[in-house]
Amino acid sequence: MARPLALVIVALLATGCATRASYHRIRTDVATLRGEVTDLRQAQEATSHELARTAAESRGLDTRLTELDKAHKDAVAEVAALRARLEAAETEARDAKAAATPPSPTARPTVAPVERPPEPAPREPAARAPEPRGPAPRVENPEQVYNAALATFRAHEYGQAVLDFVDFIAKHPGHRLVGNAQYWIGEAYYVQRDYRQALVEFQKVIDVAPSSPKVPDALLKMGLCHRALRDENRARQTWDRVEKDYPKSEAAVKARALLRGKTSTATR
């Protein structure tokens, strides 16, 4: 009877030892799992921080790209504006150069002259020269050259007329028709509405031939040029000068009409 009881006691003790060993192993496993969970949480937090930082950098890059795109568009617009200004400056320079030179002989404006040219001066017979052995050179007197240039003007070939009148003045600077020739140069620019150059040319009538009968007409047209250029004060001052200095001229009659506002009568 004592022997079986001892065996039972031994079995109980063995079972108790086994249970304690399992308990320690379980605690170890739980501790390990807790450590792994902690590591996973830390890794997850680190990943979240990294994702947040990456998202912030992405937003920063988007903002930077937007700024760069705007800067690029601004630069393109500025370049276009500079190019437009350059082209405008080049066009203005070409216009100024064209205004400073006589018009091309091929230019044929359709605008009619505002004043009826005077009748051609009587032609003087040219002196008969001895017949040379070679080809006879073409001889023309100054009146013929002037009348030919005036005929070209009447044909509305203003560019060629300007060249012919300039050639006449260069070859015959002391001729009595120099003032007339210079006046028609100004008229050629006036009918083409180049009022600034016309002012220059009409002023030359007064400079090169102050005693010419075309001086009052040139002054009258200078006033019209000033009016076309929206300088009413200078226009009226010029017409007042015509009325005072040349009171008996036809230009003075027109100037008085202009000063009184009767432009339709004065500009015929």
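**Exercise 1. State how much surface the protein exposes and which atoms supply 57% of it.**

Solution. The protein exposes about 18700 Å². Carbon and sulfur atoms supply 57% of that area. Accessible areas come from the Shrake-Rupley method with a 1.4 Å probe, and for residues only the protein chains shown count as cover.

The model is predicted: local features need pLDDT of at least 70, side-chain atom pairs count only at pLDDT 80 or more, and totals for chains, interfaces and linings use all residues. Residues are numbered from 1 along each chain as its sequence is written, and side-chain values use heavy atoms, with hydrogens and water left out.

**Exercise 2. Describe the fold and find what share of the residues is buried.**

Solution. Start with the elements. The protein has nine helices and zero strands. Helices (H or I, at least four residues) and strands (E, at least two) are DSSP runs, numbered from the N terminus. Now turn to burial. Buried means under 20% relative accessible area, exposed over 50%, and partly exposed in between (1.4 Å probe, protein chains only). Of the 268 residues, 27% count as buried.

**Exercise 3. Identify the core residues that touch the most other members, and the helix that gives the largest share.**

Solution. First, the term. A nonpolar core is a set of buried Ala, Val, Leu, Ile, Met, Phe, Trp, Tyr and Cys residues joined through side-chain atoms within 4.5 Å. The largest one has 41 residues. Y146, F153, F165, F168, W184, F202 and W239 touch the most other members. Next, the helices. Those giving two or more residues are α2 (142-154), α3 (158-171), α4 (178-191), α5 (195-208), α6 (215-228), α7 (232-245) and α8 (250-259). The largest share, nine residues, comes from α4.

Now take W239. Contact means heavy atoms within 4.5 Å. Leaving aside neighbours within four places in sequence, W239 contacts L220, G223, L224, R227, E232, A255, L258 and L259.

**Exercise 4. Compare the span of α6 with its expected value, then decide whether α6 is enclosed or open.**

Solution. The expected span of a helix is 1.5 Å times one less than its number of residues. With 14 residues, α6 should span 20 Å. Its end C-alpha atoms are 20 Å apart, which agrees. Next, burial. In α6, 12 of the 14 residues are buried, so the helix is largely enclosed by the rest of the structure. Among the buried residues are V215, L219, L224 and H226. Their cover includes α4, α5, α7 and α8.

**Exercise 5. Classify the pairs F153–Y158 and Y183–W184.**

Solution. A pair of aromatic rings is described by the distance of the centres and the angle of the planes. Rings of Phe, Tyr and Trp (its six-membered ring) pair if their centres lie within 6.5 Å; planes under 30 degrees apart count as stacked, over 60 as edge-to-face and the rest as tilted. The structure holds seven such pairs. The centres of F153 and Y158 are 5.2 Å apart and their planes stand at 70°, so this pair is edge-to-face. Y183 and W184 are also edge-to-face, at 5.1 Å and 80°. F153, Y158, Y183, W184 and F202 form one aromatic cluster.

**Exercise 6. Locate H156 and R230 and say whether each is exposed or partly exposed.**

Solution. H156 is in the loop between α2 and α3. At 28% relative accessibility, H156 counts as partly exposed. R230 is in the loop between α6 and α7. At 80%, R230 counts as exposed. Neither is a glycine, yet phi is positive: about 70° for H156 and about 65° for R230.
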